[in-house]
Amino acid sequence: MDYRKIITVDPKVRNGQPCIRGMPTAVREVLDGLASGKTLEVVLTSYPKLTQEDIQACLAFDAGGG
């Protein structure tokens, strides 16, 4: 997956943290939720504007050393 179409870095959003589609939802928030044992469904419920593709992009970004 080419996460670069979904994961954005903008110094004006979350102080330049990698975020999802320019929204103030940081990749790290999503990854931390999954790492803490939350299921995909719980994360999607917690962040209703996210899609399953967004979460896959976060995982790809993390695997790519982002």
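By a contact I mean a pair of residues with heavy atoms within 4.5 Å, and on that footing, residues 24 or more positions apart in sequence account for 41% of the contacts in this protein that have a separation of 6 or more. I should say at once that what we are looking at is a predicted model.

Let me begin with the overall layout. The protein has 3 helices and 2 strands, and, read from the N terminus on, these elements follow the order β-β-α-α-α. The C-alpha atoms fill a box of roughly 30 × 20 × 20 Å when taken along the principal axes. For a compact globule with 66 residues one would look for a radius of gyration near 11 Å, and the value for this protein, 11 Å, agrees with that. Of the 66 residues, 29% count as buried, while the protein exposes about 4,200 Å², with carbon and sulfur atoms supplying 52% of that area. As for charge, the mean positions of the 8 positive and the 8 negative charges lie 5 Å apart.

Now to helix α1, which spans residues 27-35 and whose buried residues are Val27, Val30, Leu31 and Gly33. These residues are on the same side of α1, because they cover an arc of only 155° around the axis. What do the buried residues of α1 pack against? Their partners are the two strands, β1 at 7-8 and β2 at 19-20, together with the helices α2 at 40-46 and α3 at 52-63. Just after α1 comes glycine 37, which takes a positive phi of about 105°.

One of those α1 residues, Val30, also appears among the contacts of threonine 25, a residue found in the loop between β2 and α1. Is threonine 25 buried or exposed? Its relative accessible area is 12%, so threonine 25 is buried, the cut-off being under 20%. Leaving aside residues up to four places away in sequence, threonine 25 touches Pro18, Cys19, Ile20, Val30, Tyr47 and Leu50.

Ile20 leads us on to aspartate 54, since that isoleucine is also one of the residues that aspartate 54 touches. Aspartate 54 is found in helix α3, and with a relative accessibility of 1% it counts as buried. With residues up to four places away in sequence again left out, the contacts of aspartate 54 are Ile6, Ile20, Arg21 and Lys49.

To close, then, I would set two buried residues side by side: threonine 25 in the loop between β2 and α1, and aspartate 54 in helix α3, with Ile20 on the contact list of each.

Key:
Residues numbered from 1 in each chain as written. Predicted model: local features only at pLDDT ≥ 70, side-chain atom pairs only at ≥ 80, totals over all residues. Heavy atoms only, no water. Buried < 20%, exposed > 50% of the residue type's maximum accessible area, 1.4 Å probe, protein only. Helix = DSSP H or I, 4+ residues; strand = E, 2+ residues; numbered from the N terminus. Arc of directions from axis to C-beta. Rg over C-alpha atoms; globule rule 2.2 N^0.38 Å. Areas by Shrake-Rupley, 256 points an atom, 1.4 Å probe, with all protein chains shown as cover. Lys, Arg positive; Asp, Glu negative; His and termini not counted. Charge placed at Lys NZ, Arg CZ, Asp CG, Glu CD.
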